[in-house]
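Morning, everyone. I'll keep this short: some aromatics, a bit of surface, and then the cysteines. Here is what we're looking at.

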Amino acid sequence: MAGARTPWWAYTWPLLAWAILLMTPFVKGGLIDAVSGVALVTTVFAAVYHAEVVALRTGEPYGTLILAVAVTIIEVALIVSIMIGAPAEKAGLARDTVFAAVMIVCNGIVGLCLLWGGARHHEQGFQVHGASAALAVLAALTILTLVLPNVTTSTPRPLLAKSQLIFEGIVSLVLYASFVFVQTVRHRDYFLPVGIAGEEAHAPPPSKTTAVVSAGLLLTALVAVVGLAKSLTPALEMGVARLDVPKAVVGIVIAGLVLLPEGLAAVRAARSNRLQTSLNLALGSALASIGLTIPAVAIVS
């Protein structure tokens, strides 16, 4: 990957996605929704390609952290933009999306990576200390943001008072920032690959110019993905209403769409015998989802 030229689809698909995204305010109907869905999926593949280029240049664990934070910041922007339009009706959207993101990561992405990696390579190694640290912080953030609102008495369940929400936002941000410090500075070795080298372990890093271009295209692709996801939200809500299923399904679908780039990158890493990278991506995305979403919701509310 490092020595090859950037494939045409890696920059064409994000640009086409942006063209479709700019058309959506003026063109309505099932056809544009279908085209937007196809563009969303293809742009995810482009985002994963550019994320891997950036990861090869920056090395672990910075590469996985860049993708996790970039995707989550845009996820937060998506949730907040939807909530601003109808704050009363969308009050539970952030909670549903965060809960769905944690469940998809812990039960879906991590499980799929372990299954696929084990089936292909039979035995893979990872840093227990790093995974334990991530799970410990994830458990604390999950209880704080998803369980605590159900036991407070100052407001009707599962809502928080303004002061409580601000407190949760501050604590969530501090916990996430502490984890990032441990991951990148204090105990960086806990998050580095161990054991058998992956298929790309000896690949030469891309040039600085290539990495910068890929970083820009990565951001372009991620914004297009979330923009398309937002444009598809009304159609999704209409489908949920017609099928008469719980409204929480909207949060599940949004979380699934936003997690597509990280999930696909994590599975590809496990397939290439880089299980540590898979866990860094999966658990890092779950942590960032809670650690950045709750403070943003506290500010908006």
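Before I point at anything, one definition: a residue counts as exposed when its relative accessible area is over 50%, as buried when it is under 20%, and as partly exposed in between. Also keep in mind that this is a predicted model.

So, start with Trp-8, which sits in helix 1. Buried or exposed, then, for Trp-8? Its relative accessibility is 53%, and over 50% is the cut-off, so Trp-8 goes down as exposed.

Now the rings. There are 4 aromatic pairs in the structure. One of them is Trp-8 with Trp-13: the ring centres are 6.1 Å apart and the planes sit at 75°, so we call that pair edge-to-face. Trp-13 has a relative accessible area of 25%, so this one is partly exposed.

Next door in the sequence, have a look at Trp-9. Trp-9 pairs with Tyr-49, again edge-to-face, with 5.6 Å from centre to centre and 70° between the planes. What I like here is that the pair ties together distant parts of the chain: Trp-9 belongs to helix 1, residues 8–23, while Tyr-49 belongs to helix 2, residues 30–58, and the two are 40 residues apart. As for cover, Trp-9 is partly exposed at 23%, whereas Tyr-49 comes out buried at 11%.

Put those together and you get one aromatic cluster, made of Trp-8, Trp-9, Trp-13 and Tyr-49.

Back to Trp-8 for a second, this time looking at the surface. Which residues make a nonpolar surface patch with Trp-8? Those are Tyr-11 and Leu-15, and the patch comes to about 360 Å². So Trp-8 turns up twice, as a member of the aromatic cluster and as part of that patch.

Last stop, the cysteines. How many disulfides does a search of the whole structure find? The count is 0. Why is there no bond at Cys-106? Its closest cysteine sulfur is the one in Cys-113, and that is 12 Å away, too far for a bond. For scale, the cut-off for a disulfide is sulfur atoms within 2.5 Å. Turn it round and Cys-113 tells you the same story, with Cys-106 holding its closest cysteine sulfur at 12 Å. Their surroundings do read differently: Cys-106 is partly exposed, with a relative accessible area of 27%, while Cys-113 is buried at 1%.

That's me done. Questions?

Terms used: Residues numbered from 1 in each chain as written. Predicted model: local features only at pLDDT ≥ 70, side-chain atom pairs only at ≥ 80, totals over all residues. Heavy atoms only, no water. Phe/Tyr/Trp six-rings, centres within 6.5 Å; stacked < 30°, edge-to-face > 60°. Buried < 20%, exposed > 50% of the residue type's maximum accessible area, 1.4 Å probe, protein only. Helix = DSSP H or I, 4+ residues; strand = E, 2+ residues; numbered from the N terminus. Patch = residues over 30% accessible without salt bridge, like charges linked within 9 Å, V, L, I, M, F, W, Y side chains within 5 Å. Areas by Shrake-Rupley, 256 points an atom, 1.4 Å probe, with all protein chains shown as cover. Salt bridge = Lys/Arg side-chain N within 4 Å of Asp/Glu carboxyl O.
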